[in-house]
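Here's a quick briefing to read alongside the coordinates. Have a look at the structure first, then come back for the numbers.

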Amino acid sequence: MERFTPDYPEMIVPVGHVEPVPRRIRGYAVNLPVFDTVRARYVWLWPGYPQYCVPREDIRDGVLLDEGRIMALRIGRARRHTLRLGELTRPGAAWEWADDVPGVAGFVSFRWEAVDAWFEEDEQVFVHPRSPYTRVDALRSGRGVRVVLDKAVLADAPSSVMVLETGLPTRYYLDRVHIDWTRMQPTDTVTSCPYKGNTSGYWSATTDTATHPDLAWAYDFPTRQAAPIAGLVAFHNERVDLYLDGHLLPRPPAVTRAVWERQHPV
């Protein structure tokens, strides 16, 4: 099999990069506002996507409790805080950047899961902030796609919708009529993407030799930006043999944040 050489653009934003956020950012916990700002900034702690930084004066009074602990993060020091709102207490929910951190000194970042609901303007944002440098295109393609695993043909489609997302391998979303459903079993897995929404289905695949968990997924109700993939099914390129117009594509490595950081130490 060919050695994999990325055929898609990589992330180019350096760690520590800071930019203004040109949109209103709000956060809620237990249905109460935690912060509301039009002066937020992005900061990149790794190139995949940024974190929001909120001015301290735009955070609800009294909700942050200084834990007296200094954190050494990738771009500098920060003071750790507990989020306290009514009976809610979430230790380590936020950190205030020290005065020597360029661009965000005195700003506060929150752990994503410490805030129950995030909004950009009036639209809720899921998983993590959407990077202004990430592009996601869903393009209809007449190139045939064949998916093979353990010599079993899982799908053979004359066309697809290609999803090209900055920093990730191209995904090929296929019409369901071209998939061998006798080999597919639904699972309870659900994942979320800030650009595409929440998955509506995951499937494992069984070949003559093994069962491969959570090998394919679908978004029946994607975000409006990804509307062309509604109801279609994609397979993990990293775990199958995928032929595009009869040419076997090299399997990309499985890239996670931890893997990326090992490959690109800062």
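Let's start with the surface: the protein chain has an accessible area of about 13700 Å², and carbon and sulfur atoms own 51% of that. Keep in mind that this is a predicted model. As for secondary structure, the chain has 24 strands and one helix.

**Overall dimensions and packing**
- Along the principal axes, the C-alpha atoms of the protein chain fill a box of roughly 60 × 35 × 35 Å.
- Of the 266 residues in the protein chain, 47% are buried.
- Take the contacts with a separation of 6 or more: 50% of these come from residues 24 or more positions apart.

**Charges**
- The protein chain carries 31 positive and 34 negative charges.
- Average the positions of each set, and the two means end up 2 Å apart.

**A four-stranded sheet**
- One open sheet runs in the order E3-E2-E10-E11, and its pairing is antiparallel.
- Strand E3 (32-37) and strand E11 (123-125) each have a single partner strand, so they sit at the edges with one side lacking a neighbour in the sheet.
- On average, and ignoring direction, neighbouring strands in this sheet are turned by 30° against each other.
- In general, strands of a sheet pair through backbone hydrogen bonds, in either a parallel or an antiparallel way.

**Zooming in on E2 and E10**
- Strand E2 (residues 25-29) pairs with strand E10 (residues 117-120) through four bridges, in the antiparallel sense.
- Which residue in E10 is the bridge partner of Ile-25? That's Glu-120.

Methods
Residues are numbered from 1 along each chain as its sequence is written. This is a predicted model: local features need pLDDT of at least 70, side-chain atom pairs count only at pLDDT 80 or more; totals for chains, interfaces and linings use all residues. Side-chain values use heavy atoms; hydrogens and water are left out. Helices (H or I, at least four residues) and strands (E, at least two) are DSSP runs, numbered from the N terminus. Buried means under 20% relative accessible area, exposed over 50%, partly exposed in between (1.4 Å probe, protein chains only). Contact means heavy atoms within 4.5 Å. Accessible areas come from the Shrake-Rupley method with a 1.4 Å probe; for residues, only the protein chains shown count as cover. Lys and Arg count as positive and Asp and Glu as negative; His and the chain ends are not counted. The place of a charge is taken as NZ of Lys, CZ of Arg, CG of Asp or CD of Glu. Two strands pair if DSSP finds at least two bridges between them. Axes are lines fitted to C-alpha atoms, for helices over the stretch in contact, and angles run from 0 to 180 degrees between N-to-C directions.
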